[in-house]
Amino acid sequence: MVTILEERSRRWQGRGGPELWDAAWDRVRELLGPILTDSWFSLEHDPETGINADGAAGLATALYLYAARSGVHPREVSCSQVRELFPDGEMAQLVARWESLLQGLGHDVHHPLDPVAARWLILRTDNSAPDIPGHPWVADEYDMDVLHRQGPGVIEGLSMILSPFMCETARKKGVSWWEDSTPASAAEG
C-alpha cells in the first residue's frame with residue numbers, strides 16, 4: 001500500500017531533476033516515512049503547499065544543497081549538517097542564501113520546468129497574513145493559531161521537521177537521524 005507521503009512526495013519531487021535531487025527525495029521518504037504517517041496529512045488544506053509538504057520539500061532541498069556542495073550522497077548528510085544550512089536567528093536571510101546556493105548549482109530559480117526550481121518557487125512563498133489593518137488574520141487572537149501559517153514555507157516546514165517534537169517523535173519511532181543534533185530547547189526541557 002502506497003502512503004500519502006510516498007504518493008505526494010513523488011509529485012513534489014518532479015521529474016527530470018539531477019540525480020542528487022532524486023536521491024535527496026529518496027532519503028526524505030526513508031527518514032519521514034515512519035513518522036509522517038497518513039494521519040499527519042488530515043489537517044492539510046492544500047496537499048501541494050501545506051506545512052508537511054513544505055517540511056518534506058525543505059528537507060529534500062537541504063539534503064540536496066549540502067550533498068551537491070560537499071560532493072557526498074544525500075544519505076551521508078546528517079541532521080547537524082542540515083542545521084548548518086538552517087541556523088537559528090538568521091531566518092530573514094535564509095531564502096536569499098538558499099536561492100543563491102541553488103543558482104550556484106546551475107538552477108534558474110524562476111524556471112518552473114526545472115523540478116528543483118519549481119519546488120523552490122513554492123517553498124520561498126511567504127505564507128504570512130497580509131499586513132492590512134482590520135484583516136482578521138492580523139488580529140492578536142490569530143497570532144498564536146497553530147493552523148495559521150507564518151513566513152516562507154521553507155522556514156515553516158523545515159522548522160517543523162527539525163523541531164524538538166519531531167526529534168522526539170523520530171526517537172520513539174526508531175529513526176535515529178535526528179539524534180546527532182538535538183536542538184537546545186529539547187536538551188533544556
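Which residues in α5 meet which residues in α7? The views below take up this contact and other parts of the predicted model.

**View 1. Contact of helix α5 with helix α7 in the predicted model.** From α5 (residues 91-104), M91, L94, V95 and W98 take part; from α7 (residues 153-161), their partners are V154, I155 and L158. The contact residues comprise 7 nonpolar, no polar and no charged. The two helix axes come within 10 Å and cross at roughly 110 degrees. Because crossing angles of 65 to 115 degrees count as roughly perpendicular, α5 is roughly perpendicular to α7.

**View 2. Surroundings of V109 in the loop between α5 and α6.** V109 lies in the loop that comes before α6 (115-123) and after α5. The relative accessible area of V109 is 1%, so V109 is buried; the cut-off for buried is under 20%. Neighbours within four places in sequence aside, the contacts of V109 are E99, L102, Q103, A117, W120 and L121. For one of these residues, E99, the separation from V109 is 10 residues in sequence, and the C-alpha atoms of V109 and E99 are 6.8 Å apart in space.

**View 3. Helix α2 and its buried residues.** Helix α2 covers residues 19-32, which is 14 residues. At 1.5 Å a residue, α2 should span 20 Å, and its end C-alpha atoms are 20 Å apart, so the expected and modelled values agree. The expected span is 1.5 Å times one less than the number of residues. Buried in α2 are the tryptophans W21 and W25, the alanines A23 and A24, the arginines R27 and R29, V28, and the leucines L31 and L32. The cover over the buried residues of α2 includes α1 (4-13) and α3 (51-70), and also α6 and α7.

**View 4. The whole protein, for orientation of the close-ups.** The secondary structure consists of 9 helices and 0 strands, and from the N terminus the order of elements is α-α-α-α-α-α-α-α-α. The protein has 189 residues, of which 44% count as buried. Among contacts with a separation of 6 or more, 65% are between residues 24 or more positions apart. The accessible surface comes to about 9,900 Å², and carbon and sulfur atoms account for 53% of that surface.

Definitions and conventions:
Residues numbered from 1 in each chain as written. Predicted model: local features only at pLDDT ≥ 70, side-chain atom pairs only at ≥ 80, totals over all residues. Heavy atoms only, no water. Axes fitted to C-alpha atoms, helices over the stretch in contact; angles between N-to-C directions. Helix = DSSP H or I, 4+ residues; strand = E, 2+ residues; numbered from the N terminus. Parallel < 35°, antiparallel > 145°, perpendicular 65-115°, else oblique. Contact = heavy atoms within 4.5 Å. Nonpolar A, V, L, I, M, F, W, Y, C, P; charged D, E, K, R; others polar. Buried < 20%, exposed > 50% of the residue type's maximum accessible area, 1.4 Å probe, protein only. Areas by Shrake-Rupley, 256 points an atom, 1.4 Å probe, with all protein chains shown as cover.
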